[in-house]
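Student: I have a structure open and would like to understand the words used to describe it. Could we go through a few of them together?

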Amino acid sequence: MARITAGVGCSHVPAIGVAMDTKITDQPYWKPVFDGFVKSREWMKKQNPDVIFLVYNDHCTAFDASCIPTFALGAAAEFKPADEGWGPRPVPVVKNHQKLASHIAQSLVLDEFDITIMNEMEVDHGLTVPLSVMYGDMGPDDEWPALVIPLAVNVVQYPAPTGNRCYNLGKAIRKAIESYEEDLNVVIFGTGGMSHQLQYKRAGLINADWDKRFLDLLTEDPVYASKIPHVEYLREAGSEGVEMVMWHVMRGALDDEVTEVHRHYHVPASNTAVGHIILENKAA
Amino acid sequence: MEKEYEDIPGTFVFDADRSREGYHLNQFCISLRLQKNRDEFNANEEAYLDKYPMKPEQREAVLKRDWNGLLELGGNIYYTSKLAANDGINFQNLAGLMTGMGVEAYRDMMLHGGRSIEGNRYKSEWSED
């Protein structure tokens, strides 16, 4: 049977992708960001997932304002890196486990999560940057070591889905994956955040205390964390900090009690606080 | 409907009302993610903008690159950043412009831990806005 063994929380700042693509990760500005992923890359090699279920948001790239699905599951065979206005990232095309994705889509709707199904979709930095930081440098002719099932969440137009909804969706995703017959090691990623505001006069807001509390709660009291209201993210973690609701999908798919095997936090990457956590199911 | 997020200073929450107001502006911005559209826009901005039925003040804000004006008129940062990218301005430099701090001072603030949350939670804590 397929099983979820671990979860990864990870920021997806576009400038991190640019730093990797332009080979400047050793510069003093970037080195502390990437030092925190050295252990993560070793962990990924050992963990060696067959499939990554990757929760992210599109930043007005594949989705324009004409259609705004709250949850959109990638069911296509593959997903090309999108041109976001400065050319596509030079990273591999993302390949899906299409049969598992179809199974999850069916299971979720019957479980009353009325997701949108995407049979054509390009993916932006929200999806490719977490893969890059966790796997290291990969060129367009390489292959990502795992198949990837993308779940795009609307966090651009208010309101994003509630933390509670995301947490429960995680549980439904786990149920779907664990009812799939093939023997697969699945790791789930929740991405985005941490505190940041990209817009208007309060741009540059960072709240490290709040971020660290969020990471603590995510590990130790995920139900409490999932009840944090939107206005608290917006006020305390910045207007774009609300991306952190996506981490609850990841957390909901794990055991109630998990082992925190790695954590990394650094300010800044461009406008953003970088946060990263690896949680393992105890039975894994 | 009461909007409890309206008392956050220096911030526009991109809700359904803003999305409705900014629709054509944002659709124009996202079109610039593709090179062929960037080429066409850069060759003749006015002619390109004619394709998008936005309000005159939105069109004016695009032509003037009034970055805060674009947000005030329903633009969202992920859309307006496509116009900025076309002009060679990245997210951090755009933030330097929107905050009025300038690129260097803004970058320096980020290197020193970013803008503190203290004094920046409520509009009542700001002398303006």
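Tutor: Gladly! Let's start with one residue pair: in β8(A), V186(A) is the bridge partner of I4(A). Keep in mind that this is a predicted model.

Student: What makes strands β1 and β8 of chain A a pair?

Tutor: Pairing takes at least two bridges between the strands. Here 7 bridges join β1 (residues 3-10) to β8 (residues 185-191) of chain A, and the two run parallel, so they count as a pair.

Student: Which sheet do they belong to, and why are β6 and β9 of chain A called edge strands?

Tutor: The open sheet has 8 strands, in the order β6-β3-β7-β2-β8-β1-β10-β9 (chain A), with mixed pairing. β6 (116-118) and β9 (258-269) of chain A each pair on one side only, and they are the edge strands. From one strand to the next, the twist averages 20°.

Student: Now chain B. Why are helices α8(B) and α9(B) called roughly perpendicular?

Tutor: Their axes, for residues 91-98 and 103-111 of chain B, come within 8 Å and cross at roughly 110°. The roughly perpendicular range is 65 to 115 degrees, therefore the label fits α8(B) and α9(B). The crossing is right-handed.

Student: Which residues make that contact?

Tutor: From α8(B) come Q92(B), N93(B), A95(B) and G96(B), and from α9(B) come V103(B), Y106(B) and R107(B). By class, the contact of α8(B) with α9(B) has 3 nonpolar, 3 polar and 1 charged residues.

How values were computed:
Residues are numbered from 1 along each chain as its sequence is written. Chains are lettered from A and ligands numbered from 1 in the order in which they are written. This is a predicted model: local features need pLDDT of at least 70, side-chain atom pairs count only at pLDDT 80 or more; totals for chains, interfaces and linings use all residues. Axes are lines fitted to C-alpha atoms, for helices over the stretch in contact, and angles run from 0 to 180 degrees between N-to-C directions. Helices (H or I, at least four residues) and strands (E, at least two) are DSSP runs, numbered from the N terminus. Angles under 35 degrees count as roughly parallel, over 145 as roughly antiparallel, 65 to 115 as roughly perpendicular and the rest as oblique. A crossing is left-handed if the near helix is turned anticlockwise from the far one by less than a right angle, and right-handed if clockwise. Two residues are in contact if their C-beta atoms, placed from the backbone, lie within 7 Å. Ala, Val, Leu, Ile, Met, Phe, Trp, Tyr, Cys and Pro count as nonpolar, Asp, Glu, Lys and Arg as charged, and the others, Gly among them, as polar.
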